[in-house]
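This report looks at a few residues in loops and at their backbone and side-chain geometry. The sequence and the structure come first.

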Amino acid sequence: LKGCWSLDEDCSGVMRDLTCLQATDHMAQHKELETFVIQIRGKPWLLDHVQVRAGGSGGAVLCKMKSRVTLSHSEIGGLDNDYWQAVDGLSLVDDADVDVHHCLLENTGLQHGSGVLVRNCALLMLNASTLQHNYNQIQVQHQPVMEVVGNVFWNHSSIVWALNRAEEGAVLLLQDNLLQAPVWRNNYRTAYCKELNNTAHPRGRPPPSDWEPGHYQAPENASAAVPPAKEDVIFGRGEED
């Protein structure tokens with residue numbers, strides 16, 4: 001399917017076994033909350049075994065307002081890792097609640113974009129996925145809550161780029177991941193962060209095909225997994241480590 005799709009507040013459903021793509025002029029200015037292949041405002045939505053690809057100045061998937069979305073066994077990002085990179089792969093804004101598992105997020109970073117952009121008060125659960133060929137793997141702004149467990153990060157300069165008041169209230173759990181670069185891009189940090197049992201991997205070498213996270217176990221029926229309530233993942237809020 002070629003073109004842009006808008007899933008409004010009063011709709012919900014399932015997208016399965018589809019490929020959605022849109023290419024735009026890569027020199028045009030990316031409109032942060034507009035130029036995406038799929039925009040989701042409603043809930044709940046399941047995207048299962050789909051490819052959503054943007055090329056040029058656009059992004060792939062935008063979850064906004066009070067959307068509730070599960071992305072399972074899908075590929076999100078740019079058309080390639082060269083001329084047709086996307087700006088952003090997956091963007092979460094407002095109060096979006098998104099569970100991502102067993103996905104590939106790749107080929108982003110045009111105009112300093114990211115594989116995953118999380119901002120405002122969004123909730124991200126990112127599990128058992130691979131992020132590669134992204135200028136920024138995860139960009140954090142404002143006060144979102146993020147649980148990042150059992151993923152592979154490679155071919156990048158850093159994992160997390162925190163900015164724009166992230167130090168005032170953003171929450172991050174980074175656990176059981178395979179990392180090929182330093183965690184932090186700059187001197188800014190999220191307000192609350194725990195890094196547990198992550199494994200370093202040499203630069204320039206693809207991740208081993210048999211790698212499994214130390215303590216992470218994917219749910220038996222991953223496609224039907226429901227992300228926990230936000231209050232269940234705000235670990236240690238207001239407490240010192």
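Asn151 counts as buried because its relative accessibility is 0%; buried means under 20% relative accessible area, exposed over 50%, and partly exposed in between, with a 1.4 Å probe and protein chains only. The model is predicted: local features need pLDDT of at least 70, side-chain atom pairs count only at pLDDT 80 or more, and totals for chains, interfaces and linings use all residues. Residues are numbered from 1 along each chain as its sequence is written, and side-chain values use heavy atoms, with hydrogens and water left out.

Asn151 sits in the loop between strand S17 (145-149) and strand S18 (152-154). Strands (E, at least two residues) are DSSP runs, numbered from the N terminus. A polar atom of the Asn151 side chain lies 2.9 Å from the backbone oxygen of Leu126. The side chain of Asn151 also reaches the backbone nitrogen of Ala128, at 3.2 Å.

Most residues other than glycine have a negative phi, and most peptide bonds are trans. Two residues with positive phi are listed here.

| Residue | Phi | Loop between | Relative accessibility |
|---|---|---|---|
| His73 | about 50° | strand S8 (68-72) and strand S9 (75-78) | 32%, partly exposed |
| Gln111 | near 55° | strand S12 (104-108) and strand S13 (114-118) | 31%, partly exposed |

Neither His73 nor Gln111 is a glycine.

Which peptide bond is cis? The bond from Lys43 to Pro44 is, with omega near -15°. Pro44 belongs to the loop between strand S4 (36-40) and strand S5 (45-48).

Conventions: Helices (H or I, at least four residues) and strands (E, at least two) are DSSP runs, numbered from the N terminus. A polar contact is a pair of N or O atoms within 3.5 Å; within protein, one must be able to donate a hydrogen and the other to accept it, and residues adjacent in sequence count only if both atoms are side-chain atoms.
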